[in-house]
Amino acid sequence: MQSNKNAKCGRQTRSTKPEAPNKAKIAKSHKAAKPQHKESNMDSIKSFIISFLLVLQKPFKWAHLSPGVNKFFKILDVIIASINKNIAVFGLVIGVLIVAVNVATRFVASFYPGIHSLTWGEEVSTYCFVWSALFGAAYGFRKGVHISVMILVERFPPALAKASVIFSHILSACFLAFMAWAGFEVCELYYELGRYSEALHDVPLWIFLVCLPLSFIGATYRVIEKIYEVSWMPADKVAKATQDEIIHDTAIKE
């Protein structure tokens with residue numbers, strides 16, 4: 001009887017002992033919890049990015065839909081375009097006229113030694129051509145006449161093609177802004193050195209070089225304008241519009 005009681009007590013004591021935790025089950029539960037934790041983190045990051053982009057979009061959307069802002073930028077567009085175009089045209093015309101006069105006077109000087117060519121003609125015509133080329137290039141950004149290779153972009157999905165075009169414009173804007181800053185540094189350097197033109201001794205040299213920062217600032221503005229236009233353009237039309245080199249005109253007409 002005593003042995004039976006001891007056996008029953010032993011069964012009871014063994015039955016009342018807590019079961020040892022299963023390590024494999026705990027490890028599996030931890031592994032299952034980790035992906036859920038990562039997914040929750042990714043969802044929170046995505047929601048934060050989306051909310052941030054929505055907040056960032058509000059001022060641009062307001063500016064895009066505001067008649068006053070659109071009118072202001074249209075006026076600014078006309079002013080900058082007229083400056084770039086007129087300087088490009090007049091610089092080319094004046095440079096050609098100076099070269100033509102110099103050639104004619106040298107030809108006449110062979111018969112009449114008393115006639116001399118323009119001593120300042122070569123330098124001034126060179127600067128006229130430089131001004132014409134730089135401001136003409138800045139005007140070219142407005143019309144989309146610069147060469148662009150779209151072989152790969154055409155094969156991209158519309159969203160990726162749009163992102164690629166915007167990214168290329170961002171790179172162009174960064175490069176042009178850097179060149180504008182470098183041009184300003186060059187003008188400042190010549191101003192501090194007090195250098196004057198070799199042909200026109202009374203004219204400081206930085207006046208001829210001021211075309212560097214001005215033209216690159218205009219080109220930077222044009223590229224930023226294209227970034228804005230492509231951002232509002234439907235993704236399925238970006239590749240074709242870029243290939244046709246009429247992004248600006250297409251965006252305005254639409």
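Let's start with the largest nonpolar core. It has 16 residues. Within this core, F141, V165, L176, A219, V223, V230 and V238 touch the most other members. Which elements give two or more residues to this core? They are helix 4, residues 121-143, helix 5, residues 158-193, and helix 7, residues 211-232. Helix 5 gives the largest share, six residues. Keep in mind that this is a predicted model.

As background, nonpolar side chains in soluble globular proteins tend to be buried together.

Take one core member, V223. Set aside residues up to four places away in sequence. V223 then touches F141, H169, S172, A173 and L176. Two of those names, F141 and L176, you have just heard in the core list.

There is also a second core, separate from the first. This one has five residues, including C187, L205, F208 and L209.

Now look at R222. Where does R222 lie? In helix 7. Is R222 buried or exposed? It counts as buried, because its relative accessibility is 0%. What does R222 contact, leaving aside neighbours within four places in sequence? The list is D77, I80, A81, A138, F141 and R142. So F141 comes up again, since V223 touches F141 too.

Next, the cysteines. How many disulfides does the structure hold? Zero. Remember what the word means: a disulfide is a covalent bond between the sulfur atoms of two cysteines. Now take C187, from the second core. The closest cysteine sulfur to its own is in C211. The separation is 7.5 Å, so the two are too far apart for a bond. C187 counts as buried, because its relative accessibility is 8%. C128 is buried as well, with a relative accessible area of 14%.

Let's move out to the surface. Here L92, V96, V99, V103 and F129 form a nonpolar patch. Together they have about 400 Å² of accessible area. Which helix gives the largest share of the patch? Helix 3, residues 67-109, with four residues.

Pick V99 from that patch. V99 sits in helix 3. Is V99 buried, or partly exposed? It counts as partly exposed, because its relative accessibility is 35%.

From V99, step over to L118. This residue lies in the loop between helix 3 and helix 4. L118 and V99 are 19 residues apart along the chain. Their C-alpha atoms are separated by 9.3 Å. Which residues does L118 touch, not counting those up to four places away in sequence? V101, N102 and T105. L118 is partly exposed, with a relative accessible area of 27%.

Last, the whole chain. How many helices and strands are there? Nine helices and zero strands. Read along the sequence, the pattern is α-α-α-α-α-α-α-α-α. The chain has 254 residues, and buried residues make up 26% of them.

What about contacts along the chain? Consider contacts between residues at least 6 apart in sequence. Of these, 70% join residues at least 24 apart.

Finally, the surface total. The accessible surface of the chain comes to about 18000 Å². Carbon and sulfur atoms account for 69% of that.

Technical notes. Residues numbered from 1 in each chain as written. Predicted model: local features only at pLDDT ≥ 70, side-chain atom pairs only at ≥ 80, totals over all residues. Heavy atoms only, no water. Core = buried A, V, L, I, M, F, W, Y, C linked by side-chain atoms within 4.5 Å. Buried < 20%, exposed > 50% of the residue type's maximum accessible area, 1.4 Å probe, protein only. Contact = heavy atoms within 4.5 Å. Patch = residues over 30% accessible without salt bridge, like charges linked within 9 Å, V, L, I, M, F, W, Y side chains within 5 Å. Areas by Shrake-Rupley, 256 points an atom, 1.4 Å probe, with all protein chains shown as cover. Salt bridge = Lys/Arg side-chain N within 4 Å of Asp/Glu carboxyl O. Disulfide = S-S within 2.5 Å.
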